[in-house]
Amino acid sequence: MPRYEFRCRTCGATFELRRAMAQANDPAVCPQGHTDTTKLLSAIAVTGTASGGAAQAPSGGGGGGCCGGGCCG
């Protein structure tokens, strides 16, 4: 189940809740019992490849297009 981060507008507490994606936008109550909360946007970083290895740049030199990719004479 995903975790969602919330902030209480009353006391300023930041807290996380685990809930189903279908409940992601449901109202949340802060640990102090306040109901005036807002869901925060979370940024995630994904690196590597599907197999878990490190992503690698293509070999062969050059970038692409007219910048050395070999497509232009």
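This report describes the strands, side-chain pairs and exposure of a predicted model.

**Overall make-up**

The chain has 73 residues, and buried residues make up 14% of them. Its secondary structure consists of three strands and zero helices, so that the order of elements from the N terminus is β-β-β. Strand E1 covers residues 3–8 and strand E2 residues 14–18, while strand E3 covers 37–39. Of the contacts in the chain with a separation of 6 or more, 25% are between residues 24 or more positions apart. The exposed area of the chain is about 5,800 Å², and carbon and sulfur atoms supply 53% of that area.

**Salt bridges**

Two salt bridges are counted in the model. The table gives the pairs with their N to O distances.

| Acidic residue | Basic residue | Closest N to O distance |
|---|---|---|
| Glu16 | Arg3 | 3.9 Å |
| Asp36 | Arg9 | 3.4 Å |

Both distances fall under the cut-off for a salt bridge, which is a side-chain nitrogen of Lys or Arg within 4 Å of a carboxyl oxygen of Asp or Glu.

The side chains of Glu16 and Arg3 form one of these salt bridges. Because Glu16 lies in strand E2 and Arg3 in strand E1, the pair ties together parts that are 13 residues apart in sequence. Glu16 and Arg3 are both exposed.

Asp36 and Arg9 form a salt bridge as well. Here the partners lie in loops: Asp36 in the loop between E2 and E3, and Arg9 in the loop between E1 and E2, so this pair ties together parts that are 27 residues apart in sequence. Asp36 has a relative accessibility of 35% and therefore counts as partly exposed. Arg9, at 54% relative accessibility, counts as exposed.

**Aromatic pair**

The structure holds one aromatic pair. The partners are Phe6 and Phe15, with ring centres 5.7 Å apart and an angle of 20° between the planes. The pair counts as stacked, because planes under 30 degrees apart are classed that way. Phe6 falls within the residue range of strand E1, 3–8, and Phe15 within that of strand E2, 14–18.

Are the two phenylalanines, Phe6 and Phe15, buried or exposed? Phe6 has 3% relative accessibility and so counts as buried. Phe15 has 9% relative accessibility and so counts as buried too. The cut-off behind both assignments is a relative accessible area under 20%.

**Strands E1 and E2 together**

Two side-chain pairs thus involve residues of E1 and E2: the exposed residues Glu16 and Arg3 meet in a salt bridge, and Phe6 and Phe15 form the stacked pair.

Notes. Residues numbered from 1 in each chain as written. Predicted model: local features only at pLDDT ≥ 70, side-chain atom pairs only at ≥ 80, totals over all residues. Heavy atoms only, no water. Helix = DSSP H or I, 4+ residues; strand = E, 2+ residues; numbered from the N terminus. Buried < 20%, exposed > 50% of the residue type's maximum accessible area, 1.4 Å probe, protein only. Phe/Tyr/Trp six-rings, centres within 6.5 Å; stacked < 30°, edge-to-face > 60°. Contact = heavy atoms within 4.5 Å. Areas by Shrake-Rupley, 256 points an atom, 1.4 Å probe, with all protein chains shown as cover.
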